[in-house]
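Work through the following exercises with the sequence and the model side by side, and try each task before reading its solution.

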Amino acid sequence: MAQQQWITTQDKTFRKWLNTKLSARNIPPAQSLQKDLATGVLLIHLLEILGNESLGKYASNPRLRVQKCENVHKALEYIRGRGIQLFNIGAEDIVDGNLKLILGLLWTLILRFTIADINAEGLTAKEGLLLWCKRKTACYEEIDITDFSTSWNNGLAFCALLDFHRPDLIDYYALDKSDHKGNTALAFKIATEEIGIPALLDVEDVCDVAKPDERSLVTYIAYWFHAFSQLERIETAGRRVEKFVEVMQGAWEMQHGYEKRMAELLRQMREMKQQWSAATFVGTYVDAKQQSQQFSSYKRTLKRAWVAEKADLVSLLGNIKTKLSTYRLKDYEPPAHLSLANLDLEWKKLLQDENKRSIVINEKIRDIKEGLRRSFADAANEFALCLNTVSLQISELDGDPEHQLRIVRTLHRNIIPLELELDRIEKLSDDCEEANIEENDYTVYSYDELEYEYGLAKESVAKKLSFLDNQIVARSMTNLTPIQLEEFESVFRHFDRDLTNSLQEIEFSAALASLGLVYDEEEMHEVFKEVSAGGRSVTFEQFIRFMVEVTEDQNSAEQVYQSFKEVADGKPYVTEFDLRHSLVPDGMIEELVSTMPKVQAEDGEMGFDYEKYMEGLMGKKLDTNGAHH
């Protein structure tokens with residue numbers, strides 16, 4: 001009776017699966033597997049649909065038994081040709097309607113073409129499908145999926161899968177947990193009508209039997225897996241679109257902010273030049289001194305704000321271009337009157353007018369020492385030229401982020417030594433102040449201004465360096481070698497079975513084991529919690545950073561002590577011959593023998609006490625067993 005039950009269930013389930021596939025060609029559905037497959041025609045149609053290729057010529061309307069056998073034989077040979085093993089089945093078995101062998105054949109095709117692409121952590125397709133079901137229902141207390149039979153006959157597992165993926169379609173916690181048929185019927189109805197999953201099973205196939213047929217359930221649940229996997233891919237695509245829109249919106253906001261701030265800066269600069277042009281002197285020293293103080297105030301306040309804004313605008317435009325280039329979007333060029341080229345032109349005019357204003361004021365104050373003025377001006381102008389060169393190179397950055405990063409790193413290395421020159425300029429400024437020199441016709445710069453602009457230049461370079469590093473972080477987030485990075489990324493992707501760009505604890509453990517990092521269960525759990533920062537999974541960035549940590553080479557004092565001991569071949573002292581024999585460079589040997597405590601060797605040769613040498617360097621008593629006292 002039990003055998004007849006599974007045959008009946010599989011007959012119905014596999015026939016519905018067959019008809020679902022044949023519907024792609026608008027072929028009338030099969031009513032009986034024994035009769036409708038006997039001609040071999042439907043079997044050939046099925047294989048052409050599954051394999052997405054033609055099987056060639058065959059008898060499309062066979063009447064003779066030999067024609068039917070030839071059709072079925074062609075189908076079976078095609079199956080074997082795809083590397084699928086068939087046992088104890090021939091064309092005559094199908095033509096004669098041997099239902100058990102027909103069901104076995106269809107199960108083999110289901111395994112190959114419906115379930116085989118389901119895998120997780122190197123498990124078989126069926127095991128992978130079972131693991132998927134367990135993970136999706138792990139947070140539901142009433143559910144414990146251990147098989148494809150009795151774990152499903154109360155209908156709650158189906159309802160939980162729906163609630164996990166589409167909570168808008170079912171209220172899981174409002175279900176009557178004792179209504180097995182009602183829950184199963186509800187889940188089947190939603191799956192068919194809302195998700196589009198073929199109704200391969202009936203409620204009684206699951207609820208009215210003590211042990212539902214495993215193969216029928218596997219076939220049906222595989223459709224659930226594919227349906228929800230497709231849903232997750234669609235959601236991922238949606239998130240990608242959302243991120244792109246956010247990038248575009250962010251870029252537009254940056255462009256709008258750039259244009260608004262540039263227009264305001266140019267307006268303020270024009271107003272200041274007009275004020276200078278209209279200014280007059282009454283001919284007194286007090287008036288000239290007062291205008292000189294007003295001019296100095298402008299340079300300390302308003303001009304500094306402009307310098308900062310100018311640097312920010314240069315950086316902002318560079319960031320906009322880099323952002324668009326990173327996402328391979330159309331480059332942004334501001335309107336001509338708001339371009340950096342126009343800003344530089346207006347800035348040059350401002351400096352020219354500023355210089356004229358400075359000269360006019362300085363002509364009213366003559367008590368100046370020419371030599372100090374020239375010395376300060378030469379140094380200040382040269383320093384300003386260096387800063388302007390840095391600003392220009394930042395503004396002209398273009399190309400891929402890696403190329404820009406190399407340039408900015410060079411700028412960063414070159415700008416630090418300028419601080420020594422700035423110290424020299426400060427000294428010249430102090431000399432001028434001591435000499436009561438209050439004006440300088442040969443430069444528009446003061447020490448305070450140059451110090452401020454130097455700080456801005458360093459900050460601008462540092463900001464640019466950080467920005468480019470952040471842009472490259474997805475591709476270059478570690479200083480691992482390309483081979484290491486490729487290996488770690490390959491391992492990560494291999495164990496990221498569900499394509500979520502993260503590893504669950506069991507996946508993380510397997511990935512580490514494949515790289516030779518094996519922990520016991522308790523240690524593994526602690527490592528996972530630390531790396532994931534308490535989360536439920538480890539991201540790619542967290543994984544790479546962890547691998548960087550565990551692959552770093554560190555030298556402790558104990559390790560150096562052990563190295564000395566190996567060089568000395570176990571002796572409590574090391575000789576110059578030992579050092580040369582271990583290929584230590586000559587210059588280093590001379591340094592060591594001149595600084596290490598000397599002892600008398602057994603053969604009368606001079607020895608050197610490396611333990612006391614290490615203790616002197618560490619400032620601690622060194623435990624020769626590997627620990628500090």
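In the protein chain of this predicted model, residues 24 or more positions apart account for 67% of the contacts with a separation of 6 or more. The chain holds 26 helices and five strands, and of its 629 residues 43% count as buried.

**Exercise 1. Aromatic pairs**

Task: Classify the ring pair formed by Trp 152 and Phe 158, and state whether each of its partners is buried or exposed.

Solution. Begin with the total, which is 24 aromatic pairs in the structure. In the pair of Trp 152 and Phe 158, the ring centres lie 4.9 Å apart and the planes make an angle of 50 degrees. Planes under 30 degrees apart would count as stacked and those over 60 as edge-to-face, so an angle between these limits is called tilted. The pair of Trp 152 and Phe 158 is accordingly tilted. Turning to accessibility, Trp 152 has a relative accessibility of 0% and therefore counts as buried; Phe 158 likewise counts as buried, because its relative accessibility is 0%.

**Exercise 2. From a pair to a cluster**

Task: Follow Phe 158 to its pair with Phe 188, and explain which parts of the chain this pair ties together.

Solution. Phe 158 and Phe 188 form an edge-to-face pair, with 5.2 Å from centre to centre and 80 degrees between the planes. Phe 158 belongs to helix α8 (residues 156-165) and Phe 188 to helix α9 (residues 180-195), so the pair ties together parts that are 30 residues apart in sequence. Both Phe 158 and Phe 188 are buried. As a last step, widen the view to the ring pairs around them: these link Phe 148, Trp 152, Phe 158, Phe 188, Tyr 220, Trp 224 and Phe 228 into a cluster.

**Exercise 3. Charges over rings**

Task: State which ring face lies under Arg 304 and which under Lys 310, with the distance to the ring centre in each case.

Solution. Arg 304 lies over the face of Tyr 452, at 5.2 Å from the ring centre. For Lys 310, the ring is that of Trp 347, and the distance from the ring centre is 5.5 Å.

**Exercise 4. The enclosed space**

Task: Find how many cavities of 30 Å³ or more there are, and describe what lines the largest cavity.

Solution. The count comes to one cavity of 30 Å³ or more, and the largest cavity has a volume of about 40 Å³. Its lining is made up of Val 314, Leu 317, Gly 318, Lys 321, Leu 340, Ile 394, Ser 395 and Leu 397. Sorted by character, the lining residues of the largest cavity divide into five nonpolar, two polar and one charged. Sorted by element, α13 (302-326) and α15 (370-395) each supply at least two of them, and α13 gives the most, with four residues.

**Exercise 5. An open pocket**

Task: Describe the lining of the second largest pocket, and state which element gives the most residues to this lining.

Solution. The second largest pocket has a volume of about 830 Å³. It is lined by 28 residues, of which Ser 296, Ile 437, Glu 438, Glu 439 and Ser 446 lie nearest its centre. The elements giving two or more residues to this lining are α12 (285-300), α14 (340-362), α17 (418-434) and α18 (447-472); among them, α12 gives the most, with seven residues. By character, the lining of the second largest pocket divides into eight nonpolar, 10 polar and 10 charged residues.

Note on methods
Residues are numbered from 1 along each chain as its sequence is written. This is a predicted model: local features need pLDDT of at least 70, side-chain atom pairs count only at pLDDT 80 or more; totals for chains, interfaces and linings use all residues. Side-chain values use heavy atoms; hydrogens and water are left out. Rings of Phe, Tyr and Trp (its six-membered ring) pair if their centres lie within 6.5 Å; planes under 30 degrees apart count as stacked, over 60 as edge-to-face and the rest as tilted. Buried means under 20% relative accessible area, exposed over 50%, partly exposed in between (1.4 Å probe, protein chains only). A charge sits over a ring if NZ of Lys or CZ of Arg is within 6 Å of the ring centre and within 35 degrees of the ring normal. On a 1 Å grid over the protein atoms alone, a cavity is a set of points where a 1.4 Å probe fits but cannot get out, and a pocket is an open set with protein on both sides within 12 Å along at least five of seven lines; lining residues have an atom within 4 Å of a point. Grid points are joined across faces, edges and corners, and a volume is the space filled by probe spheres set on the points. Ala, Val, Leu, Ile, Met, Phe, Trp, Tyr, Cys and Pro count as nonpolar, Asp, Glu, Lys and Arg as charged, and the others, Gly among them, as polar. Contact means heavy atoms within 4.5 Å.
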